[in-house]
Amino acid sequence: MKKHLLAAAAASLIALAPSLHAQKIVFDPSNFSQNVLTAARTLEQINNQIRQLQNEAQMLANQARNLTSLNFSALGELRAALSATNQLIQQGQGLAFNVAQMDMDFRRLYPQSYSAAISGTQMATDARKRWANSLEALRTAAKVQSQAVQNFTSDERTLSDLVNRSQSATGALQAMQATNQLLALQSRQAMQAQQLQITQDRATALEQARQVAVQERAREVRRRFQGDGTAYTPYTVNFYSN
């Protein structure tokens, strides 16, 4: 009986031998090293792609900040201040600022010489008009000076706002826009200085022209007083003949 059992067990082992041989795992060190190297290279490529995506995301964020517009504009205040000064100049009385009209009025009121056809009354009227022109020119210059002083306060506030916004700019566009507005403020101040200089020079020129006209009027009045006859020449009279 035992011999039959041993024989059956031996037969079973012989039958299972091919199956066990098929399930045997063979380890290949060279293939394993190659697979590990390939996996490492793949992981490195993935890491490089991740870093590239991160850099692109940072670049897009920087571009977004650089393209952010400055939510502030001082242009309205600058134009208003410049317009206020210009209106004072345009409202000034006296000689017109129009070139053609000014030239015609100047030739009439500030002549190089007076003709005999112009009456003394007309010369007196013109003298009064010249005095009024000089007075209005000085008044306009004083108004422009006062307006410039009033603009100092708003200029100081605008300058402070623009500097603060330039320093706190989140990107290149905001910094550029703040800088451009600072340059606009500087230009407006330069134009205001030019306006002030024009009014002062105008007042000086009209006063000098008035003084020249006064001298010419005095010469003409003296000529008319003397007349066209022979001027009196004093000479010695001898009442006693010797």
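Helix axes are lines fitted to C-alpha atoms over the stretch in contact, and the angles between them run from 0 to 180 degrees between N-to-C directions. This is a predicted model, in which local features need pLDDT of at least 70 and side-chain atom pairs count only at pLDDT 80 or more, while totals for chains, interfaces and linings use all residues. Residues are numbered from 1 along each chain as its sequence is written, and side-chain values use heavy atoms, with hydrogens and water left out.

**Exercise 1. Describe the secondary structure and the overall exposure of the protein chain.**

Solution. Begin with the elements, which are DSSP runs numbered from the N terminus (helices are H or I with at least four residues, strands are E with at least two). The protein chain has 6 helices and 0 strands, and the pattern along the sequence reads α-α-α-α-α-α.

Next, take burial, where buried means under 20% relative accessible area, exposed over 50% and partly exposed in between (1.4 Å probe, protein chains only). Of the 242 residues of the protein chain, 20% count as buried. The area that the chain exposes, by the Shrake-Rupley method with a 1.4 Å probe, is about 18,100 Å², and carbon and sulfur atoms supply 58% of it.

Finally, turn to contacts, meaning heavy atoms within 4.5 Å. Among those in the protein chain with a separation of 6 or more, 81% are between residues 24 or more positions apart.

**Exercise 2. Determine how H3 is oriented against H5, and which residues make the contact.**

Solution. The axes of H3 and H5 lie 9 Å apart and pack at an angle of about 175°. Because angles over 145 degrees count as roughly antiparallel (under 35 as roughly parallel, 65 to 115 as roughly perpendicular, the rest as oblique), H3 is roughly antiparallel to H5. On the H3 side the contact is made by Glu77, Ala81, Ala84, Thr85, Leu88 and Ile89, and on the H5 side by Thr140, Lys143, Val144, Gln147, Asn151, Arg157 and Thr158.

Two of these H5 residues can then be followed individually. Lys143 lies in helix H5, which spans residues 120-167, and counts as partly exposed because its relative accessibility is 42%; its C-alpha is 6.9 Å from that of Leu88, although the two are 55 residues apart in sequence. Thr140, also placed in helix H5, counts as buried because its relative accessibility is 8%. Leaving aside neighbours within four places in sequence, Thr140 is in contact with Leu88, Ile89, Gly92 and Thr199, and the C-alpha atoms of Thr140 and Thr199, 59 residues apart along the chain, are separated by 6.8 Å.

**Exercise 3. Determine how H3 is oriented against H6.**

Solution. The axes of helix H3 (residues 75-91) and helix H6 (residues 172-226) come within 10 Å and cross at roughly 5°, so H3 and H6 are roughly parallel to each other. Among the H3 residues at this contact are Leu75, Leu78 and Leu82, and those they and their H3 companions meet in H6 include Ala184, Leu185, Arg188 and Thr199.

**Exercise 4. Place Asp155 and Glu220, and identify their polar side-chain partners.**

Solution. A polar contact is a pair of N or O atoms within 3.5 Å (within protein, one must be able to donate a hydrogen and the other to accept it, and residues adjacent in sequence count only if both atoms are side-chain atoms). Asp155 belongs to helix H5 and counts as buried because its relative accessibility is 7%. The side chains of Asp155 and Gln189 are joined by a polar contact of 3.3 Å; beyond neighbours within four places in sequence, Asp155 is in contact with Leu185, Arg188 and Gln189.

Glu220, in helix H6, counts as buried because its relative accessibility is 1%. Its side chain makes a polar contact of 2.7 Å with the side chain of Arg224, and, not counting residues up to four places away in sequence, Glu220 touches Tyr114, Ser115 and Met123.
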